[in-house]
Amino acid sequence: KTGIDLSASKYKQDYYKFKDANTNKTTRWPGDSNFKTNKASVKINQELNSESTIELGYDYSKYEGWNSYLATSPSMSYVNKKTENFYAKFDWALKEKDYGFIQLYHNEYEYYNFGSLEEKTNGLEIQQELSISENNKLVLGASYRKSNAWNETSYTKENEIDNLALFINNTWEFVPSWTINTGI
């Protein structure tokens, strides 16, 4: 009834190869890239009863190194990208078949290459399926996301975006292999 997933990886790449469009030969990109990538993920899932579970998760990745950004020049550019994502999700079934969930999440993204970019997002998603009949299913849902972003090369202050979405979708199989799908 309890599941735990753990994963981690470490990767290093010293150079790139590419197929040259003019010569059709595989060529080594000038300069060394020296990229390092680290990733880790943890997911814990707990079955509460036969119709509901709760899941907590965390994902991390960091990618950094020097990149030769022009094929004709060994000019180098430093790249640093980091992501962190946290989430909590509760799943349920109504009458053993109508699936639903609610999920909260927080995502962070940082990127640097000739300038910095940072974004933080908090969100909430909820969805419920309802069986109207054997051949007719209704899906209702909503999501809300609030993001704060800062980009030193594009704007001078932190910007904020709020996004709210509501939806309803009806799928009706009125004869075998014929379905009408409507939604707003």
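**Exercises on a predicted model**

The charged end of lysine 81 sits over the ring of tyrosine 63, 5.9 Å from its centre. The exercises below concern a predicted model.

**Exercise 1.** Classify the aromatic pair of phenylalanine 35 and tyrosine 63, and determine which strands the pair ties together.

*Solution.* The structure holds six aromatic pairs. In the pair of phenylalanine 35 and tyrosine 63, the centres are 4.6 Å apart and the planes meet at 15°. Planes under 30 degrees apart count as stacked, and this pair is accordingly stacked. Phenylalanine 35 belongs to strand 4 (residues 35-49) and tyrosine 63 to strand 5 (residues 52-70), so the pair links parts 28 residues apart in sequence. As to accessibility, phenylalanine 35 is buried at 3%, whereas tyrosine 63 is partly exposed at 27%.

**Exercise 2.** Classify the pair of tryptophan 172 and phenylalanine 174.

*Solution.* The ring centres lie 5.3 Å apart with the planes at 45°, so the pair is tilted. Tryptophan 172 is partly exposed, with a relative accessible area of 39%; phenylalanine 174 is also partly exposed, at 36%.

**Exercise 3.** Describe how strand 10 and strand 11 are joined, and state whether strand 11 is buried or in the open.

*Solution.* Strand 10 (residues 159-175) and strand 11 run antiparallel and are joined by six bridges. Within this pairing, threonine 171 has asparagine 181 as its bridge partner. The two strands form a hairpin with two residues between them, and serine 177 in the turn has a positive phi of about 70°. Strand 11 comprises residues 178-183; of its six residues the number buried is zero, so strand 11 lies largely in the open.

Key. Residues numbered from 1 in each chain as written. Predicted model: local features only at pLDDT ≥ 70, side-chain atom pairs only at ≥ 80, totals over all residues. Heavy atoms only, no water. Buried < 20%, exposed > 50% of the residue type's maximum accessible area, 1.4 Å probe, protein only. Helix = DSSP H or I, 4+ residues; strand = E, 2+ residues; numbered from the N terminus. Pairing = 2+ DSSP bridges. Phe/Tyr/Trp six-rings, centres within 6.5 Å; stacked < 30°, edge-to-face > 60°. Lys NZ or Arg CZ within 6 Å of the ring centre and 35° of its normal.
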